[in-house]
Number of protein chains: 2
Amino acid sequence: MADGISERVRPRERILETAQDMFHKHGIKGVGVDAITEAAGTNKMTLYRHFESKDDLIIECLRATACKAGAMWDAFEAEYPGDKLAQLHAWVRKAAQMLSADSRGCDMANAAIELSETDHPARRVIKELKEAQRERLVNLCREAGVGQAELLADTLSLLLDGARVSLQSVGAAGPSAQFVRMAEGLIASFKAR
Amino acid sequence: MADGISERVRPRERILETAQDMFHKHGIKGVGVDAITEAAGTNKMTLYRHFESKDDLIIECLRATACKAGAMWDAFEAEYPGDKLAQLHAWVRKAAQMLSADSRGCDMANAAIELSETDHPARRVIKELKEAQRERLVNLCREAGVGQAELLADTLSLLLDGARVSLQSVGAAGPSAQFVRMAEGLIASFKAR
DNA sequence: TCGTGACGTTACAGACCGGTAACACCCTAG
DNA sequence: CTAGGGTGTTACCGGTCTGTAACGTCACGA
């Protein structure tokens, strides 16, 4: 068989990776633990030996995706060391690139919408991770030397979140197609003043 | 009892109203038909006499909420007849007012996220209704005399959608708190040029 | 060699889900 | 008064879900 994923990776990692992918594609409530374990080439018992519950698995998945997003930021710094403005433009390009037609949007935002129970354990994790991302974008804007860095960062953040949900509502030909133009226009106008 | 809702209203209307409310609060996959009918003061059989399936009910709910949103637009025209710019500012105020702390966001967008199956019957309805709203906002911007009306309308649209999901991810103290300032700033800058 | 721990398999519990069948009821229009 | 349509009630079907129990297997290290 040699699934590639089941070669030499431990079940826990396979489950985590598969769950991330399936949660992203089909939604959290749209996929059961049986389907995850089967796709990961293992079984339910092994899943519950590594994760307390499905909620626990959800949280671990969110942390993992946030970690990957963090690596993206590091890549910007590596590509344009010290040039914060270039990194900001790289962020715009990367964001636009995440708006491909088959994208299913932001896992955190989707989870926040799907898990409507206000006391769901994943909600505080979502809030933490999203706030960390916001802080990172604010810092980037500030160090890029734009005025009102917080306002620019928040605007860009809302634009991206909006583009990602719009993509799912009306498709790639909708408002999200103009994301780059909007973002670049905003950065330019904030830089001017 | 006199629930208010079960007084003299036919079961179909009660179900539709209750379902809208419950889908909004708890999500579509988060509420079952039994819970809806019980809250509507009726039973499952009556629901299935008026709606083919749960999917059918979902679609009717989306149409109903879109209809209510349409009435909102008419209210703008009634309040500021002919003054399209005033209507645009009224739209901003109304949008901001929908960003209250306990809001659960846009039903269409939430449904699009929850119903990840690409061939789900509700998806084309969502697309139609969202596109109609977009067209309406574009027309308002154009008639308000701003340059690049489509781009402004799309930007405002993404900002609002983004604010509504951000509200659910990080709460009312997050980026969505700046929505009015962002929107007004955008309108001003588009009017200038 | 042995045993220990990680993993797989099967079966199941208990709950919930969407949807249907059969039947009793009641209000109202004729 | 009567017939009939809209409604309520109960019970059920088949399926899916999360989570657990019991047991078998296999590799690896002492």
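Here are some worked exercises on a predicted model with protein chains A and B and DNA strands C and D.

Before you start: residues count from 1 along each chain as its sequence is written, and chains are lettered from A, ligands numbered from 1, in the order in which they are written. Local features need pLDDT of at least 70 and side-chain atom pairs count only at pLDDT 80 or more, while totals for chains, interfaces and linings use all residues; side-chain values use heavy atoms, with hydrogens and water left out.

**Exercise 1. Work out how chain B sits against chain A, and which residues and helices of chain B are involved.**

Step 1: Count the residues. Taking contact as heavy atoms within 4.5 Å, you get 38 residues from chain B and 38 residues from chain A.

Step 2: Get the area. Buried area is the accessible area (1.4 Å probe) that two parts lose on being put together, summed over both. Here that comes to about 3,200 Å², with carbon and sulfur atoms giving 69%. On chain B's side, I113(B), L158(B) and S169(B) supply 21% of what the chain buries against chain A, more than any other three residues.

Step 3: Look for pairs across the interface. Zero salt bridges turn up, using a side-chain nitrogen of Lys or Arg within 4 Å of a carboxyl oxygen of Asp or Glu. Six residue pairs are in polar contact, both residues at pLDDT 80 or more. That term means N or O atoms within 3.5 Å; within protein, one must be able to donate a hydrogen and the other to accept it, and residues adjacent in sequence count only if both atoms are side-chain atoms.

Step 4: Assign the helices (DSSP runs of H or I, at least four residues, numbered from the N terminus). α1 (11–26), α6 (107–114), α7 (121–143), α8 (149–170) and α9 (179–192) of chain B each supply at least two residues to the side touching chain A. α8(B) gives the most, with 14 residues.

**Exercise 2. Find a salt bridge inside chain A and say which helices it links.**

Step 1: The structure holds 20 salt bridges over all chains. One of them pairs the side chains of D161(A) and K130(A), at 3.1 Å from N to O.

Step 2: Place both ends. D161(A) is in helix α8 (residues 149–170) and K130(A) in helix α7 (residues 121–143), 31 residues apart.

**Exercise 3. Describe what surrounds DNA strand C.**

Step 1: A residue is near a strand if one of its heavy atoms lies within 4 Å of it. Strand C has 17 such residues, and T42(A), R49(A), K44(B), Y48(B) and K54(B) come nearest.

Step 2: Check individual atoms. A polar side-chain atom of K44(B) lies 2.4 Å from a base oxygen, while a backbone N or O atom of V33(B) lies 2.8 Å from a phosphate oxygen.

Step 3: Find the leading helix. α3(A) gives the most to this surface, with four residues.

**Exercise 4. Do the same for DNA strand D.**

Step 1: There are 18 residues around strand D, with K44(A), Y48(A), K54(A), T42(B) and R49(B) coming nearest. Sugar and phosphate make up 41% of the strand's atoms within 4 Å of the protein.

Step 2: Look at the phosphate oxygens. Polar backbone atoms of V33(A) and K54(A) lie 2.8 Å and 2.7 Å from one, and a polar side-chain atom of T42(B) lies 2.6 Å from one.

Step 3: The largest share of this surface, four residues, comes from α3(B).
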